[in-house]
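Reader: Before I set up any calculation on this model, I would like to go through its surface, its sheet and its charged contacts with you, one question at a time.

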Amino acid sequence: MVVYTMKGESPTLGGLINGLLFENGASFAACIVPHPESGCLDVHVETEEEGREVDCLRSSLLEAGEMVDCMLRNLSAHEEETMVVDGT
């Protein structure tokens, strides 16, 4: 198992990537804030194939970024539709 400490991150990111870690090959994953004042997120990752943990985390973070980008595009499209309907 490998533990990655991500400074400046919160449990919000952990909630977003936890399921993705399993989809990307983790046999075990946990996203933990060691202390509320620590200002960091510890991501524990274990894969069946040793040495693939960083690839698993990288793929999960990239997918999370794509998900957020998609949500932002949908929000922008919704805002444009709302402006047309409202006439503003």
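Reader: Which residues make the nonpolar surface patch of about 440 Å²?

Author: The model is a predicted one, and the patch in it has a computed area of about 440 Å². One of its members, Met71, lies in helix α2, which covers residues 53-86. The full set that makes the patch is Met67, Val68, Met71, Leu72 and Leu75.

Reader: In what order do the 3 strands of the open sheet lie?

Author: The edge strands, each of which pairs on one side only, are β1 (2-7) and β2 (26-32). Strand β3 (residues 40-47) pairs with β1 in the antiparallel sense over 6 bridges, and in one part of that pairing Val3 has His44 of β3 as its bridge partner. The pairing in the sheet is antiparallel, and the strand order is β1-β3-β2.

Reader: By how many degrees are neighbouring strands of this sheet turned against each other on average?

Author: The strands concerned form an open sheet with antiparallel pairing. When direction is ignored, the average turn between neighbouring strands of this sheet is 15 degrees.

Reader: Which helix packs on the sheet, and what angle does its direction make with that of β2?

Author: The helix that packs on the sheet is α1, formed by residues 11-23, and it touches β1, β2 and β3. Of these strands, β1 and β2 are the edge strands. The angle between the direction of α1 and that of β2 is about 175 degrees.

Reader: How far apart are the closest N and O atoms in the salt bridge of Asp55 with Arg52?

Author: A salt bridge is counted here when a side-chain nitrogen of Lys or Arg is within 4 Å of a carboxyl oxygen of Asp or Glu, and by this rule the count comes to 2. Asp55 is partly exposed at 26% relative accessible area, and Arg52 is likewise classed as partly exposed, at 40%. In the salt bridge that these residues form, the closest N and O atoms are apart by 2.9 Å.

Reader: Where do Asp55 and Arg58 stand in helix α2, and which residues are joined into one network by salt bridges that share partners?

Author: Asp55 and Arg58 are 3 residues apart in helix α2, and therefore separated by about one helical turn. Their salt bridge has its closest N and O atoms 3.3 Å apart, and Arg58 is partly exposed, with 45% relative accessible area. Through shared partners, the salt bridges join into one network the residues Arg52, Asp55 and Arg58.

Note on methods. Residues numbered from 1 in each chain as written. Predicted model: local features only at pLDDT ≥ 70, side-chain atom pairs only at ≥ 80, totals over all residues. Heavy atoms only, no water. Pairing = 2+ DSSP bridges. Helix = DSSP H or I, 4+ residues; strand = E, 2+ residues; numbered from the N terminus. Axes fitted to C-alpha atoms, helices over the stretch in contact; angles between N-to-C directions. Contact = heavy atoms within 4.5 Å. Patch = residues over 30% accessible without salt bridge, like charges linked within 9 Å, V, L, I, M, F, W, Y side chains within 5 Å. Areas by Shrake-Rupley, 256 points an atom, 1.4 Å probe, with all protein chains shown as cover. Buried < 20%, exposed > 50% of the residue type's maximum accessible area, 1.4 Å probe, protein only.
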